[in-house]
Every structure is written in structure tokens, then in C-alpha cells.
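Me: I'd like a close look at one part of this model, taken slowly. Here's the thing I'm looking at.

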Amino acid sequence: MGVLEIAKGMGVTLGKLFQKPVTVSYPEQRATLQPRFRGRHILTRHPGTNLEKCIGCSLCAAACPAYAIYVEAAENDPAAPVSPGERYAKVYEINMLRCIFCGMCEEACPTGAVVLGNEFEMADYRSRDFVYAKEDMLVGVTGSIPQRREATRLGKPVRLGFQLDGGQPRAELEGVKYP
Amino acid sequence: MKVHVDGIEVELPAGTSAIDAVFSAGGDVPYFCAHKYLSPLGACRMCLVESGSPRKNPDGSFVMEGEGDAATPKIFWFPKPMASCTMQATEGMHIRTAKTSEVVAKAQAGMMEFTLLNHPLDCPTCDKGGACELQDRAFEYGYGASRFGFDRRHAEKHYPLSDFVILDQERCIHCKRCVRYFEEVPGQEVLDFIERGGHTFIDTEEGGLPTGFSGNITDICPVGALLDNVARFRGRNWEYDHTPTTCTLCPVGCSITVDARNGRLERIVAGENRDVNEAWICDAGRFGHPFASEERLTTPLVRNEDGALIPATWDEAITAINRGLLGLPLADLGLFVGADATLEEGAALAALADALNARHVDHFPRHSVFIAPTATLTDVATADAVVVLGADLGEEAPVLELRILEMLRGGLLPAEFAHGTAIADLRLVERPARRPERLAVIGGESRLWGHAGHRVSANGENALTRLAHPDTDDLKAVRALLDGAERPVLILGADALRGASGSAAALLADLASRTGAKVIAIPAGPNSNGLAALNLVPRTGGLGVDRLGEVPAAFISRLDPGMRAGGFTVVHDTHLTATAQLADVVLPAVTNYEKRGTVQNLEGRLLPLNPAAIQSGEAADLIRTLTALAEALGVKAPARGQRGAQTLLMGSVGVNTATVQVGGALHTFARTFVAPAAPHTPKLWTERMRSRDRDWVERIHDLVEGGWTLPVAPAAPQPGGDD
């Protein structure tokens, strides 16, 4: 190995010194997510009627390789239906500790109700806080359980630590808006 | 008879249907309308096969093809595929299924496409999804895609036929199983097809289904058109923990499968046991289960100084029992148990009673006479005369009523093959001729009354005496029926056995030997036959459960007499019953759905119980509870668990219940114990078997009474419709 090789290597190092860094100082700065990134689930609604798309069929739970999903169905009250049709999900829970974000639930869903979104900041202190229920995942809810808890405590809106490449969520994430 | 299926030669008895020939050769044919215990109909046209037979010349020799020694009988094929469920296999017949025939595969896929034309494909919301014959066969035999580009038929969805059965007319594929079931099995003409062609739908004429056996149509419906309303939307079929066990609501002991999810009992479906219930169970057995998951006792309760029952641990309960029974002679402790306890539990209780020298031992309900069964349920179904004395079978043993009705329509039991019960037994016919003159009912009016050719209104209690010495023309006719029959069966119910004594048993034995009749005396409790073999009756100087108030102190397991013993009372029950509310210590019990054990049914068949996965907290069965009681009393427990109780049972009555198989085995105990008993009126449905879940009750009310319109999918006008 000669001096030339060492000089070449140092040249690369020196060259990088004058480039713009690719790292962002998360969480002060927002990370930019790649289009294929998949984070926590969103339960979408039908536009217009605002009824939940989820019909409580439990196929996501059947498809889930990590057994992370639990669904209990019930019959819709015809006067005030939760979803179109006879059946809706009375209980819909995903254990985010078990979830491996493989997207099989999304693939199994016959109505496109459960879609993997982009949020990923779910770190929390107690295991039981990782079980996300319907009210934590329905479209319109921004932020994870700890983020919303923190926002309530501070009296500020939820601040998400990411931005999307292109700015708009995927088409499947109907009605989802990330601030 | 030799039949060739896809080139495989099988030897079959004459009269076998082609579909059974295929299955016994190890082949498969899809079918929707055929059912093991119903007449073959050929409605769904899915079981198409190509078939052909050799033909004979006028001189009796076969028409041959080929030359010289290589000549074989020529097979004359039917020009089109045939429905195998209604075709009889004949000597030398050749059958080709979809496995070897392109024509059949195409015909079946085409039929599947027709069947699916108007099917709504709402599998995700359908409770049948995952256990649906249509789903499975469409996957196996269908094209996989629909070419039908028009609006599907719209019809009534979620239309409650009764409190328990809900109908979706869109999903119906017109297999007619439910219609045939009601006509052939309980003999009620309630459901039928209305309209023709694509507009055909299933409905009742005047609304409502007769209670009794209506739930069976939810089992046999091959699609999700008829569904169990109690289990509606409680879980998907793959989510349930299926436990095959035995129903212990009545002494028939039907085979059932208990489906639990998340520790809750959500659904019960019928199991198949050819010797007992075939494939049918009663509505009480199917729908009367909500109590198992509602308002259960999950911890022991101990009465505190203020007189209130407060939750406690088992150790605290044992201490409380020990303190409460301090100074009481052990022999004075009453031990009472419900007659649906298993044989193992009974053996443990009898052994503890022996160890304590206890006198006040009893099980309830029971009759004061024990009449060993000599007839089996199959004997009932194949009898040529049945006389029912003082029984209301709808309350005492509903499925026995079905077996009697089976006798009336000829007593034909479907043949059995290596692949199970015949799928299509061609001897079973639609609208079978019934022989009501073979059935005599003596006693009060009951549901069976309408089917009987001989009806004698009588006071059940002296019915037997009057039959032995007939005093009226009606009774003489019944006696003549008994005398003239070759295989008569006598069935005695609670009215005939109430207050009966040894003389009645002797009279019955005499009558049975004179007429050659076999006898079934319906036991008072689900396992009364088995418990009678154990010494669980009041012993010398002892009091029965009917005189509970005079017993100084008592341990009462799963009985609800509504009163307490004279002194300290320990109640072991699944719910906070009236008796439990009066007790000093309440111990939580498990239901029979959660037990492992053995019971003996009314024909003397030992049947196994298996524990379903139901959440019941710290509840314990009687064997383990007796261990706790023995600890509180300071004596050695005779059995600490199921295995020990089985050993006890082996020692006391010489039967090894560890080897009892799923279908059960007939067994006669050498010795039985009887004692005078208080009269008891059997009742199948108890108050707590109805759901107390307010939501559920209101939902049923809404479905039955309220108008049901959903804000989605309005019935669009159908192109080409004539309405």
C-alpha cells in the first residue's frame, strides 16, 4: 500500500466535509419518509357518509402473522349505524408491540378499512399503552398515544417528527392529513 | 356389487347411491343438497358424474366389446353427466368424477357459476364464513371468477324467523335441506319454497318457527342463509375453540361441539353420534348456553360479621368452613349434589361420605325407583310399536322424541360406510309415509300427542297399572298394539315414575316379559342413571335434600332448593342462586361445559365430557372442591383430582372411565341404590338459560318487533325482473 492510496482515501474524506449532510437532527428537525415507509395503522372512513369502512370481519386478525389484532363484532343499530351493512367492529385493537408492520392486514381487508399509515413514534413506558384501540387509529386522530398524551399535558397540538416525500399520503390513506 | 370409480374397483352393498360409491372409493364429489340424515333430492346439481353400465342382450349375456379373450362388457354411458346423489349404483357401473373427466369438471364449475349468480358474496360479514360449504366447494370446484355482469337478486336480509334463527334470503341457494329437515325429522311443515325460478325464496307461512328442534337448520344450511341468532357476530369460525363434548341438560346425552372464544361460550353446534342423537339436538341444548358466560361466580364468597357475602380466597373460604363447622360431628354434615354431576364427581362425593360416615347424602333430582334401561335409542328408532307412558318428552328428553318420530317414518337408519354415514341413502324419501298407529301416548297432552295414533288421557301415575290391566277400549287397543308388535318399546316418563315404588317396577318387569317389550325409564336428572350406581342416597337415619332444613349443616353442590340447612351451609355453584344467597360460604363451581368426566345417559351409555375453554376464574369442579372441604374438615381427601376419582370409580363400581370413547359405550352397573324421593317435575328451559345480557335481549326485540331497514344498498330494480 503506497502513499497514493492513503491520499486517495483522505481525498474522499475531505471531499465529504464540504457536502451538505444527509442526516437530519431528529427530533428537532422532521425526518423525510420514503414513499414505501409503513407505520401505524389508520382505520379509514367512507367519504360522504362518514361511516367506518371496517365491518368487523376479523380477516385482518386471521391474516396477521404476529397475532397482533383482536376484533369483536356487533350488530349495527339501524338508526345510528357505525358502518354500512349489518356488522361493525365493536372492539378493534392492535398490539403495536406485536405488530411487525408487514401489511398483511391491509392486504386481507375486504373494504380497505385498515391501512398502514406513516406514523412511527410510538415509544412508551408501559406494555398496556401499546394496545391501540379504535379511537387511537380512526382517521382524524393525529399522533400516537404518547404523543397525544404529551400534547394534552403541554396544551399544544401534536407535533409529528416526520414529513412525507411528496407531501401527500398514499391514495389508500383516504382522508388522512399529516400536519 | 362391483362398481368402478375413476378406474378403482369397489365392492358395495346393493342399493348404494353413486355418491357413496365415489366416496367409498376415496374420491370426492361436491354436494350441497344431500345430507346424511335427509332424503336425497338432487336439487343443487353439483354432484354431477359421468356414469355408464353394461347392458345385456336378450339372451342374458352381456353386450361385449373387443375380440376373443380381450372382450369386456361394453359400457353404455349416459349421454350427459348425472346427479350422483339420486342415482343408484348398479352392478358393473362405471363412474367418472371431475378427477378423470373434463366434462364433469366443466359441468361442476358451470353449476357452481349458476349457484353463485345470485349469491351476495358478503362472506366477510357472514357468520358462516370459514365453515361454509359453498365457500369451500367454490374454491375447490369453481372457475374462480364470475362472468355475471348484471345486478344480483336482492331479497330480505337478516330476517328473524324466530328469536333464535335468522334468515338471509339473498344467501339461500335453494338446496331445500331446511324444508326437508322440518318435514322429515320433527314432522312439522313450516318452511317452504315460495315463488318459482330465480325468485324462489324460503319463508314460513304464518311467521315464526316451532320451538323444539328449529336450531338444527342452522347446522345443515350449507350457506349462511339460516344462522344461529344467539351466536350472531360473536366470532368467526376459525376463531372459536371447538370442544366436542356431551350435552348434559337432559338424560339423552347428545353429542355437541362447544365453541368458545376468548373464554366465553359463544355457540353450540350438534355433533354426530349415530347411536344417540344422529345429527340433531334440541333448541335448549343449542341456544340455552348464555348462562355459562354470564354472571358467573369466579371467587369464593364468605359471609362477614355484617352478614354480607364478600369475595374471598379459597384459603379464607376453607378457614371459614373450618370455623363454621367446629364442634359439629362429621357424620351430621349433609352432602347434596345435583344429578348432572359426573360419575367421577359422584364417586369422590360417595367416598368422602364414607370417610365422614355421613348419613345425610343425596342427589337431586331422582326417582324413588330405579328401572334399568333395556332398550337403546336405536331400538326406539327401529321399533314397530312404541308406548309412551306419562312423559312430556319435550321437557324430559327432547331428542328421544325425534327418535320416536324416526320410528314412525319407518325406522330407516342410513347405512354406514368406511367414509361415515351414507351421504345419500336412497331408501329415505321425501314426505315419507308415517305410521301413527305404531305410537301410543298415555298420559297428559304433549307435543308428541299430535303424532300418536293411540292417545289415552290418563293420570300418569296410574298409567302403568292401567296398561297392565286395561280397563277401557282405548287401553285395550294399546295393549293389543304391544302384544302384536315384534319389537315394542315402552317409555316411562316422570309422571309414570313419580311416586313409583318397587311394586311398579315388578309390574313393569312383568308387562315387559309378557309383551317382549324393551324399556326406557327416563331418569329424573341428566346423570341419574350413573349416580344411582354410587351410594348417593340417604343412608340409615339420613335425610334427603327435600328435608334440607332439618339437616344440622350441609354442603350443597349445584343444587338450588332455595333454602338453607339448619346450621352452617356451604354452597358450591356456578351462579349466585337463591340458595347461594342464603349460604355462609359460597364456592365457585364450573358448568358441565368445563368439566372432564363421564356421564351415563338414559339408555345406559357412558359418554365423555370434555372441558371447553371458558373463563370461570377460580371456579373448581366438585372433585377439587371436595378436596378443599376435606381440608376444612381435617380429613384426608379421597381423591385429589380426576385421575384419583377415576381410580375410586374403578374400585367402587368397576368401570374404567378413562377409556370411554367419543361415541360412548353401553354399560350396566351391577348394583344400584334407591331411596324414597320427593316428587319432581322436569323442566328443560330454566330461567337462567335465557340471556340476561340486556343488549342481546334488546337486539332480539328490535329484530323481531321493530322494522329493520338499513341505510345502505336499497333494492335496485332488477333488469329483466317480472315484478
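Me: Which handedness does the crossing of α7(B) and α18(B) have? Walk me through the helix and its surroundings while you're at it.

Reply: Bear in mind that this is a predicted model. The crossing is right-handed for α7(B) and α18(B). As for who touches whom, α7(B) brings W314(B), I318(B), I321(B) and N322(B) to the contact, and α18(B) answers with A628(B), L629(B), E631(B) and A632(B).

Now the geometry. The two axes, of α7(B) and α18(B), come within 8 Å and cross at roughly 50°. Angles from 35 to 65 degrees fall outside the roughly parallel and roughly perpendicular classes, so α7(B) and α18(B) count as oblique to each other.

Next, α7(B) on its own. This helix of chain B covers residues 314-324, and its buried residues are A317(B), I318(B), A320(B) and I321(B). Look down the axis of α7(B) and those buried residues sit within an arc of 160°, so they line one face of the helix. Two of the buried residues, I318(B) and I321(B), also turn up in the contact with α18(B).

That helix isn't the whole story for the buried residues, though. In chain B, the buried residues of α7(B) pack against the strands β17 (301-303), β29 (569-573) and β30 (585-588), as well as against α18 (622-633). If you're rotating the view, put α18(B) and those strands, β17, β29 and β30, around the buried residues of α7(B) and you have the packing partners in one frame.

Conventions. Residues are numbered from 1 along each chain as its sequence is written. Chains are lettered from A and ligands numbered from 1 in the order in which they are written. This is a predicted model: local features need pLDDT of at least 70, side-chain atom pairs count only at pLDDT 80 or more; totals for chains, interfaces and linings use all residues. A residue is buried if 20 or more other C-beta atoms lie within 10 Å of its own, exposed if 12 or fewer, and partly exposed in between; C-beta atoms are placed from the backbone. Helices (H or I, at least four residues) and strands (E, at least two) are DSSP runs, numbered from the N terminus. The arc is that of the directions from the helix axis to the C-beta atoms. Two residues are in contact if their C-beta atoms, placed from the backbone, lie within 7 Å. Axes are lines fitted to C-alpha atoms, for helices over the stretch in contact, and angles run from 0 to 180 degrees between N-to-C directions. Angles under 35 degrees count as roughly parallel, over 145 as roughly antiparallel, 65 to 115 as roughly perpendicular and the rest as oblique. A crossing is left-handed if the near helix is turned anticlockwise from the far one by less than a right angle, and right-handed if clockwise.
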